[in-house]
Amino acid sequence: MNIPSLSMASLKERIASFSLKSVLLPLFGILVFVLLWQAGASRVHTSLGEFPGPTVVYEQWNSLVAEHQNERIKEDKFYERQEKRIEVRQVKDPSYEGRLIDYTGKPTFFDQIFTSLYTVLAGFGLASFIAIPLGILIGLNSSVYSALNPVIQVFKPVSPLAWLPLVTMVVSASYVSDDPMFSKSFLTSMFTVTLCCMWPTLINTAVGVAAVEKDLLNVSKVLRLGWVTHVIKIVIPSAIPLMFTGLRLSLGIAWMVLIAAEMLAQNPGLGKFVWDEFQNGSSDSLGRIMVAVLMIGFIGFLLDRAMLMVQRFVSWDKTQVLR
């Protein structure tokens with residue numbers, strides 16, 4: 001009769017500990033941050049007025065939401081008017097085939113968020129597609145490592161601000177089409193992200209592959225596994241922790257690089273939104289920029305958590321503590 005009561009007590013302790021670490025402490029940290037932010041913002045005065053505090057940022061967030069909703073209403077009415085004109089024309093001429101013109105209204109804050117997310121995932125995906133196989137090859141072959149390591153070390157620290165003009169000129173010169181599948185601004189941002197974010201994944205994958213335990217390598221030799229089977233069954237599972245460390249670092253770098261590239265090249269996205277608000281110089285600009293800053297950080301956090309969930313799913317060692 002005492003065993004269930006002990007188990008229940010232990011369960012309550014675990015629930016309390018989980019609530020403290022997962023809910024109460026994060027809320028406490030956020031509350032302290034907001035209070036410090038409010039206290040500091042009221043003491044900072046700029047040419048556009050007082051630095052935006054939490055209340056002002058919340059008001060600007062509501063304003064941006066309202067603008068997005070109004071823009072969607074305008075878009076719906078724009079297409080409704082076109083459909084009505086086509087219907088009227090078809091009544092007079094049944095052979096007439098109307099064509100809807102795309103809505104070209106100003107992109108809203110949330111449209112810019114979607115554009116940035118689409119671009120960063122495309123650039124990160126391309127970088128991973130290049131870096132993971134190359135990292136496996138480098139980790140398995142010391143000769144390939146010796147040949148490629150100088151190149152990696154030279155290009156790894158290059159700033160996106162240096163890559164951007166080169167990528168822009170190459171895309172402008174080589175991507176010429178009357179009916180392009182992708183816009184040049186998208187390709188420019190995507191390739192810049194790829195060039196800057198692939199190195200952490202490449203290096204960590206190579207290190208993880210090179211650090212596979214000797215016992216596992218010996219097992220592979222005893223079983224006479226083929227090269228492809230050896231990589232899939234032995235190398236990749238062992239290298240997953242370091243590989244995903246590189247992927248998470250690369251995704252964070254990709255997000256930072258993209259915002260900088262959008263600001264510098266004035267390509268569509270959150271970076272352009274921030275720059276446009278800065279150039280606007282209205283009394284609402286600082287608050288809107290702060291909304292964008294918080295959104296950039298929040299999206300970066302969500303992207304990292306998503307990568308962590310994928311790592312937990314594919315990792316063979318389910319007892320490993322991942323944060």
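The following is a set of questions and answers about a predicted model of one protein chain.

Residues are numbered from 1 along the chain as its sequence is written. In this predicted model local features need pLDDT of at least 70 and side-chain atom pairs count only at pLDDT 80 or more, while totals for chains, interfaces and linings use all residues; side-chain values use heavy atoms, with hydrogens and water left out.

Visitor: Which helix has the lowest mean pLDDT, and which the highest?
Guide: pLDDT is the predictor's confidence in each residue, from 0 to 100. The chain averages 87, and 91% of the residues score at least 70. Over residues 1-6 the pLDDT is below 50, and this stretch has 0 contacts beyond near neighbours in sequence (a contact means heavy atoms within 4.5 Å). Among the elements of the chain, the lowest mean, 73, belongs to helix α1 (residues 2-41) and the highest, 95, to helix α3 (residues 109-140).

Visitor: At which residue does helix α8 bend?
Guide: Helices (H or I, at least four residues) and strands (E, at least two) are DSSP runs, numbered from the N terminus. Helix α8 (residues 227-265) has 39 residues, and a straight helix would reach 57 Å, taking 1.5 Å times one less than the number of residues, but the end C-alpha atoms are only 44 Å apart. The bend at a residue is the angle between axes fitted to the seven residues ending there and the seven starting there. In α8 this angle is about 60°, with the proline Pro-241 following within four residues, and the bend is at Ile-240.

Visitor: Which residues does Leu-242 touch, leaving out those up to four places away in sequence?
Guide: Leu-242 is also in helix α8. Its relative accessible area is 31%, so Leu-242 is partly exposed (buried is under 20%, exposed over 50%, partly exposed in between, with a 1.4 Å probe and protein chains only). Thr-201 is 41 residues away in sequence and 8.6 Å away in space, C-alpha to C-alpha. The residues touched by Leu-242 are Asn-204, Val-207 and Gly-208.

Visitor: Is His-230 buried or exposed?
Guide: His-230 is another residue of helix α8. Beyond four places in sequence, His-230 touches Leu-217, Ser-220, Leu-225 and Val-235. With a relative accessibility of 12%, His-230 counts as buried.

Visitor: What is the phi of Gln-266?
Guide: Most residues other than glycine have a negative phi. Arg-224, in the loop between α7 (214-223) and α8, has a positive phi near 55° and is exposed at 75% relative accessible area. Gln-266 lies in the loop between α8 and α9 and is partly exposed at 29%. The phi of Gln-266 is also positive, near 60°.

Visitor: Which residues does Arg-288 contact, leaving aside neighbours within four places in sequence?
Guide: Arg-288 is placed in helix α10 (residues 285-314). The relative accessible area of Arg-288 is 10%, so the residue is buried. Its contacts are Gln-60, Ser-63, Leu-64, Glu-67, Phe-273 and Glu-277.

Visitor: Why is the pair of Phe-155 and Trp-163 stacked?
Guide: Rings of Phe, Tyr and Trp (its six-membered ring) pair if their centres lie within 6.5 Å, and planes under 30 degrees apart count as stacked, over 60 as edge-to-face and the rest as tilted. The count by this rule comes to 11 aromatic pairs. Phe-155 and Trp-163 have ring centres 5.7 Å apart and planes at 25°, so the pair is stacked.

Visitor: Which residues do ring pairs link into a cluster?
Guide: Phe-273 is among the contacts of Arg-288. Ring pairs also link Phe-273 into a cluster, whose members are Trp-61, Phe-109, Phe-110 and Phe-273.

Visitor: How far apart are the C-alpha atoms of Asp-276 and Asp-304?
Guide: Asp-276 is in helix α9 (residues 270-280) and is partly exposed at 31% relative accessibility. Asp-304 is 28 residues away along the chain, and the two C-alpha atoms are separated by 28 Å.

Visitor: Which residues does UniProt list for "domain: ABC transmembrane type-1"?
Guide: UniProt positions are given here in the numbering of this chain, with feature names shortened, and annotations may be inferred rather than shown by experiment. The unreviewed entry also places "transmembrane region" at residues 117-140, 189-213, 234-265 and 285-303. In the model, the domain span is 86% helix and 0% strand, with end C-alpha atoms 19 Å apart. UniProt lists the domain at residues 113-307.
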